[in-house]
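This report covers a predicted model with two lettered chains. It takes up strand pairing, then the domains, a helix and the contact between chains.

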Protein chains: 2
Amino acid sequence: MNDPLNAFCAHSTARLKGAPAGPLAGFTFAAKDLFDIEGHVTGAGNPDWLRLHAPAARTAPVVQRLVDAGADMVGKTHTDELSRGIFGENAHYGTPTNPNAPGRVSGGSSSGSAAAVAGGLVDFALGTDTGGSVRIPASFCGIFGIRPTHGRLPLEGMVAQAPSFDTIGWFARDAHLLGRIGEILLGADLKSAKRPRHVIVAIDAFAIAEPATADALLPAAERIAALAGTGEKRALSQQVPLGDWFAHQRAIQGREAWATFGDWIDAHNPRFAFEISDNFLRGMQVDDATLAAAREFQRTRRMELMEVLKPDVIVCLPTAPFSAAPVGQRRSAMWARRTAISTLTTIAGTLGAPQLNLPLAHVDGLPVGLSILARPGADEMLLAFAREVADRMTEDR
Amino acid sequence: MNDPLNAFCAHSTARLKGAPAGPLAGFTFAAKDLFDIEGHVTGAGNPDWLRLHAPAARTAPVVQRLVDAGADMVGKTHTDELSRGIFGENAHYGTPTNPNAPGRVSGGSSSGSAAAVAGGLVDFALGTDTGGSVRIPASFCGIFGIRPTHGRLPLEGMVAQAPSFDTIGWFARDAHLLGRIGEILLGADLKSAKRPRHVIVAIDAFAIAEPATADALLPAAERIAALAGTGEKRALSQQVPLGDWFAHQRAIQGREAWATFGDWIDAHNPRFAFEISDNFLRGMQVDDATLAAAREFQRTRRMELMEVLKPDVIVCLPTAPFSAAPVGQRRSAMWARRTAISTLTTIAGTLGAPQLNLPLAHVDGLPVGLSILARPGADEMLLAFAREVADRMTEDR
């Protein structure tokens, strides 16, 4: 495969020919190397995982649905190790090139999928999003991407990370194709989707973004509010600051990730980039009391926010606090940026809510994305409205 | 090189021809891949370290002394990553075979040096010992090995770990050659060395060993006491239990190792086996108060023990609490065993004292070593007495 972006796994030859006459016939896609393809080993971004696992017995249902709908799967894409990174800098396989931000990371963990879509190597791609792994690379690469409602898509045949937050998402350069994929995967007809009427511009989320990013995205949020009908600027989280949310998600996600991978790590002492081990070890150290408090915190936030997220409401927030980070950043810089990123991505994670990245702005020539977020189950509303936004709004640059 | 033991680094071609007529002419040796050889990159057991460093500008003085004395350096040997392991299971380069304990590790971090000597690939080998990295593989492989007094040999051209404890040691199958190497490196004449007259059999150290290991080594300790003159069984540490010593050494060693490698790790986010990262992260988290308390603890122990370690006294203790661990042990088992090992190796580390492994016993067919330890500076006494022990004692099997 001609892959100038290092988006595709060199260790996998997995390809699937689409059904001849489906609604996605003629489209090509790639799947993050967390998805099983029958007869191929799923590598999950780590050479020891690849080495120690057998070929998959069957193809993941989401992949199969797309192939059955006519799309050709043309390759597996790079991921951060075991989906545990947010920048896409895989120490074993290299860093996919961000086609829209030279010298910058593509974001992760669905790094190769985002790069392959942004660079035009495929029409769309599957990723996974536990703590931001579709939303962040979509924002960094300047493409559309959706993290759907937690629990809406079957996770069989996907390497899990933290079940309370794991989702399957997808990327496209075009909001119409993004919606068509949604129709196939969700079994939905976007023509009958509800339309948002009220937009909350989450000023507490905007306050977390760097000023240049917030300034670039705020006009787009205001135009979206005008397009929908009414809008208001308010803090999304009025009981506790957004900054408090992440510590709780990190506790649950870290502990669950250790529950998922800890026995394998204990048995094989695998090689990871230092930062990946650091991340796992923080999860290993989360105690039961911290975990219980975090689950209670999240339950309270969900009850509180469901009062706000009426069926016709969407929230506008920056997808990431800044544009794509430079390639080869220091680990300490990585941790600082990661905390800022996760403070934003934790909102949808905590609520189980769908969130869709709209590539609507640039800062210093680098893409930054605006997200629309809605109550759990309202994926169709987001996908349909994203089409409307794409048709009606053009970016001021 | 014919290396059935995976003792030698495949990535290095470093070899040095010995001076034609020196006292070590005709002997071959290997050097752990922490020692610089002019024109070659020192790999330190980690492929990212190897990739990111330039060839050495000059050869380490200890290596040069041996070559100047006529010995041929025939290769570089595997080490745990950045000398941060104790079992020799390098996740990148594989595990050297223990020639005297099939299916077991050779011990580390001077794994390849010990295996190469035990398997007869070389006559002797250089290692390093910060927390046990010569003593443990000597014990596991059933060969002689010495950790000399801290500060006696120049550490230039060696990849440092924790300066308060870093030493250069060496291995041989034969106590006489071990002593000859000592004469070259220490600039000493063993014929004029003091002879020990009193032996302390450290019952607190024996109590840390597994019963079978303690039972196998105790008769040898008693015969050594008889050979020296007088002996007594007593706890070496009478103010605090030996078990308390290790926490303090771990704090200092971990913090110093982070001071040594932390900036490089921060800059490059390198790949390590999970357990190596875990080890580094524990060191990174040591705070100033813990560090200060640990240094004070060690100062107190040194003052206390210098009263006991008179110039003609040696201490007998088990080198390791058990024979060589199985290859492929779980990480959690590794940590438990490592703590037990370090409780014994910390004694010499804390005191800055020399310690020499005598391969005097077996348990279930696997080597276990008895150590002799003396006050700092008494390296010659240990080396000379080891010859006497080797000449006078044969192992009962």
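Two strands are said to pair if DSSP finds at least two bridges between them. Helices (H or I, at least four residues) and strands (E, at least two) are DSSP runs, numbered from the N terminus. The model is predicted, so local features need pLDDT of at least 70 and side-chain atom pairs count only at pLDDT 80 or more, while totals for chains, interfaces and linings use all residues. Residues are numbered from 1 along each chain as its sequence is written, and chains are lettered from A and ligands numbered from 1 in the order in which they are written.

**Strands of chain B**

Strand S9 (residues 313-318) of chain B is largely enclosed by the rest of the structure, because 6 of its 6 residues are buried. A residue counts as buried if 20 or more other C-beta atoms lie within 10 Å of its own, as exposed if 12 or fewer do, and as partly exposed in between, with C-beta atoms placed from the backbone. B:Val313, B:Val315 and B:Leu317 point one way from S9(B), and B:Ile314, B:Cys316 and B:Pro318 point the other way. S9(B) runs parallel to strand S6 (residues 198-202) of chain B, joined by 4 bridges, and B:Val199 has B:Ile314 as its bridge partner. With strand S11 (residues 366-373) of chain B, S9(B) runs antiparallel, again through 4 bridges; there B:Cys316 is partnered by B:Ile372.

**The sheet of chain A**

In chain A, 10 strands form an open sheet with mixed pairing, in the order S2-S1-S3-S5-S4-S10-S11-S9-S6-S7. S2 and strand S7 (230-234) are its edge strands, each pairing on one side only. Of the 6 residues of strand S2 (residues 72-77) of chain A, 5 are buried. The table lists some strand pairs, including one between the chains.

| Strand pair | Sense | Bridges | Facing residues |
|---|---|---|---|
| S1(A) and S2(A) | parallel | 5 bridges | A:Phe29 and A:Met73 |
| S6(A) and S7(A) | parallel | 5 bridges | A:His198 and A:Thr230 |
| S8(A) and S8(B) | antiparallel | 3 bridges | A:Ala273 and B:Arg271 |

**Domains of chain A**

Chain A is divided into domain 1 (28-191) and domain 2 (195-392), with bounds from an automatic or database domain assignment. The centres of the two domains, taken over C-alpha atoms, are 18 Å apart. In the contact between them, 53 residues of domain 1 meet 51 residues of domain 2; two residues are in contact if their C-beta atoms, placed from the backbone, lie within 7 Å. On the domain 1 side, helix H1 (47-52), helix H4 (135-141), strand S4 (144-147) and helix H5 (175-186) of chain A each give two or more residues.

**Helix H12 of chain A**

Helix H12 (residues 379-392) of chain A has 14 residues and spans 20 Å from first C-alpha to last, close to the 20 Å expected at 1.5 Å a residue. The expected span is 1.5 Å times one less than the number of residues. Among the buried residues of H12(A) are A:Asp379, A:Glu380, A:Phe385 and A:Val389. The buried residues of H12(A) pack against elements including S4, H5 and helix H7 (211-228) of chain A.

**Contact between the chains**

Chain A and chain B each bring 18 residues to their contact. On the side of chain B, helix H8 (245-268), strand S8 (271-273), helix H9 (274-284) and helix H11 (331-351) each supply at least two residues. H9(B) gives the most, with 5 residues.
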